[in-house]
Amino acid sequence: QVQLVESGGGSVQPGGSLRLSCVASGFTFSSYAIRWYRQAPGNQRELVAAISFTGRYTNFADSVKGRFTISRDDAKNTAYLQMNSLIPEDTATYYCNAERTGYGVAYWGQGTQVTVSS
C-alpha cells in the first residue's frame, strides 16, 4: 500500500522554525523526486520546494528562498522541509508529493497544517 505521511506541522510565532517530515512506504522512494506544496484557504496549491531523486538538485519558490531547505534520507524513506524565519504568509496546509519523473506516476500525502501567528 502506497503511503506518504507528513508530520511536523503546528503553530509557531513569526520568526520561528518548523521541520516537516514526509515518510514514504509502498514504493521505491529513492526513484522519486519529492516536492513540497502548500495551499492556504482561498488560494491555489503552490510549489514550495523540490528535490531530485538523486538529491543533487533542489529548487525553491522565490517566496521561501533563503528560509526553507529541502532534503531527503533515502535510507529512512523520508524527505524533510526545514522552515526557518517563518512569516504569517507561510500559513497553509503543506503537502508532500512524490513523482517518478517521466513515468506519469505520482503520490500525495494528506497534508500537515502550519500556522504562523503571534
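This passage describes strand pairing, salt bridges and the surroundings of one threonine in a predicted model.

One part of the strand architecture is an open sheet of 4 strands, arranged in the order β1-β3-β8-β7 with antiparallel pairing. Strands β1 (3-7) and β7 (68-73) occupy the edges of this sheet; each has a single partner strand, so one side of each is left without a neighbour in the sheet. On average, and with direction ignored, neighbouring strands of the sheet are turned by 15° against each other. Within the sheet, β1 is joined to strand β3 (residues 18-25) by 5 bridges, and the two strands run antiparallel. Ser-7 is placed opposite Ser-21 of β3.

Strand β11 (residues 112-116) has two faces that differ in covering. Thr-112, Val-114 and Val-116 make up the covered face, whereas Gln-113 and Thr-115 belong to the uncovered one. Strand β11 pairs with strand β2 (residues 10-12) in the parallel sense, over 3 bridges. In this pairing, Val-12 has Val-116 of β11 as its bridge partner. Strand β11 also pairs with strand β9 (residues 92-100), here in the antiparallel sense and over 3 bridges. Ala-92 stands opposite Val-114 of β11. Val-114 and Val-116, which take part in these pairings, both lie on the covered face of the strand.

Thr-93 is likewise a residue of strand β9. Its relative accessible area is 18%, and Thr-93 is therefore classed as buried, the limit for that class being under 20%. The side chain of Thr-93 forms a polar contact of 2.8 Å with the side chain of Gln-113, a residue on the uncovered face of β11. When residues up to four places away in sequence are not counted, Thr-93 touches Tyr-37, Arg-38, Gln-39, Gly-111, Thr-112 and Gln-113. Among these contacts, Thr-112 and Gln-113 are residues of β11.

Charged side chains provide a further set of links, and the structure holds 6 salt bridges. One of them joins the side chains of Arg-35 and Glu-99, with a distance of 2.7 Å from N to O. This pair connects distant parts of the chain: Arg-35 lies in strand β4 (residues 33-39) and Glu-99 in strand β9, 64 residues apart. The two partners fall into separate accessibility classes. Arg-35 counts as buried because its relative accessibility is 19%, while Glu-99, at 25%, counts as partly exposed.

A salt bridge also forms between the side chains of Arg-38 and Glu-46, at 2.6 Å from N to O. Arg-38 is buried, with a relative accessible area of 5%, whereas Glu-46 is partly exposed at 34% relative accessibility. Both residues belong to a network of salt bridges that links Arg-38, Glu-46, Arg-67 and Asp-90. Arg-38 is also one of the residues touched by Thr-93.

The side chains of Arg-72 and Asp-74 meet in another salt bridge, with an N to O distance of 2.8 Å. Here Arg-72 is buried, its relative accessible area being 15%. Asp-74, by contrast, has a relative accessible area of 30% and is partly exposed.

How values were computed. Residues are numbered from 1 along each chain as its sequence is written. This is a predicted model: local features need pLDDT of at least 70, side-chain atom pairs count only at pLDDT 80 or more; totals for chains, interfaces and linings use all residues. Side-chain values use heavy atoms; hydrogens and water are left out. Buried means under 20% relative accessible area, exposed over 50%, partly exposed in between (1.4 Å probe, protein chains only). Two strands pair if DSSP finds at least two bridges between them. A salt bridge is a side-chain nitrogen of Lys or Arg within 4 Å of a carboxyl oxygen of Asp or Glu. Axes are lines fitted to C-alpha atoms, for helices over the stretch in contact, and angles run from 0 to 180 degrees between N-to-C directions. A polar contact is a pair of N or O atoms within 3.5 Å; within protein, one must be able to donate a hydrogen and the other to accept it, and residues adjacent in sequence count only if both atoms are side-chain atoms. Contact means heavy atoms within 4.5 Å.
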